[in-house]
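These notebook entries record what I looked up in the structure, going from the whole chain to single residues.

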Amino acid sequence: MPKFGHNIKDKYNIMITIITVITLLIIGGVALYEYKSQEVKPKEEMTFTTNKGNVIETEYKDLGKFSVKIPKDFEVMSDELLKIKYPYGNVPKKAYSNEDSSISIVYNLDRTSLNGNKLSSYIESLKLSFSKMGYIYYYFPHKVNGNEIHTFSFNSQAIDTTIYNYMAFFEVDGELVIFSFNCTSNYQEEWSPVAEYIVKSIKIK
């Protein structure tokens, strides 16, 4: 004779077990989803090791229209130093340099240079100007964080030394941004890759 009491009890226990398992699966799924949604993205590399083994520590600086990695030990140039380095005007909007100013990073904005023209047209004009000035330059167009950035590298002559220049040109809100890294020639071999690393870190807002 079937034992209905036991059958009902067994079915009840099975049902409770099934509900418990389903609940655990749901909770586990939610927890897994929350864990995945909170997974930390790979940390962005903030140091650069030069070909001489020196480690350059950088940090992002907010320059208004964009942010960029700048070596941590670089200081903002004083107004007095800027006037010495740029005696004929066109003083940069912001400038950073190492202790003796032999390595510097500067940027400026120029609303009038583009004057409604495409950046590509401006770059072609710039190439022509550099050629007329006698500069032997290297030109590299880049896509940095999805943005079009044009770079030039060349050497120029100062009064008592040769200067290595790595310049980047890009457009933000109709304004031309001119971003430049420069150093004396004795730093060129070690720091030219650093210059490229810095430019490739640019994040346009």
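**Entry 1. Whole chain**

I began with the secondary structure and counted 5 helices and 11 strands in the chain. I note at the outset that this is a predicted model. I then looked up burial, and found that buried residues make up 35% of the 205 residues. For the surface, I recorded an exposed area of about 13500 Å², of which carbon and sulfur atoms supply 55%. I also looked at contacts with a sequence separation of 6 or more; residues 24 or more positions apart account for 46% of these.

**Entry 2. The sheet with S1**

Which strands form the open sheet, and in what order? I read the order as S1-S2-S3-S11, 4 strands with antiparallel pairing. Strand S1 (47-49) and strand S11 (203-204) are the edge strands, each pairing on one side only. As a general reminder to myself, the strands of a sheet pair through backbone hydrogen bonds.

I next followed the pairing of S1 with strand S2 (residues 55-62), and found 3 bridges between these antiparallel strands. One position I looked up was Thr49, whose bridge partner in S2 is Val55.

I then asked which helix lies across this part of the sheet. Helix H5 (residues 188-199) lies across S1, S2 and strand S3 (66-71), and I noted an angle of about 155° between H5 and S3.

**Entry 3. Strands S7, S8 and S9**

I moved to strand S7 (residues 137-144) and strand S8 (residues 147-157), which run antiparallel and are joined by 8 bridges. S7 and S8 form a hairpin with 2 residues between them. In that turn I noted Asn145, which has a positive phi of about 50°.

S8 also pairs with strand S9 (residues 162-172), again in the antiparallel sense and over 8 bridges. Here the hairpin connection runs through 4 residues. As a reference point for this pairing, I recorded that the bridge partner of His150 in S9 is Phe169.

**Entry 4. His142**

I selected His142, found in strand S7, for closer inspection. Its bridge partner in S8 is Ile149. Is His142 buried or exposed? Its relative accessibility is 15%, and the cut-off for buried is under 20%, so His142 counts as buried.

I then listed the contacts of His142, leaving aside neighbours within four places in sequence. They are Asn147, Glu148, Ile149, Thr151, Tyr166, Glu196 and Lys200. With one of these, Thr151, the side chain of His142 makes a polar contact of 3.4 Å.

**Entry 5. Ser102**

My last residue was Ser102, in the loop between strand S5 (94-97) and strand S6 (103-110). I found a relative accessible area of 12%, so Ser102 is buried.

What does Ser102 contact beyond its neighbours within four places in sequence? I found Asn182, Cys183, Thr184 and Tyr187. I looked up the separation for Asn182: Ser102 and Asn182 are 80 residues apart in sequence, yet 8.2 Å apart in space, C-alpha to C-alpha.

Finally, I checked the side chain of Ser102 for polar contacts and recorded one with the side chain of Asp100, at 2.6 Å.

Conventions. Residues numbered from 1 in each chain as written. Predicted model: local features only at pLDDT ≥ 70, side-chain atom pairs only at ≥ 80, totals over all residues. Heavy atoms only, no water. Pairing = 2+ DSSP bridges. Contact = heavy atoms within 4.5 Å. Axes fitted to C-alpha atoms, helices over the stretch in contact; angles between N-to-C directions. Buried < 20%, exposed > 50% of the residue type's maximum accessible area, 1.4 Å probe, protein only. Polar contact = N/O pair within 3.5 Å; in protein donor to acceptor, adjacent residues only side chain to side chain. Areas by Shrake-Rupley, 256 points an atom, 1.4 Å probe, with all protein chains shown as cover.
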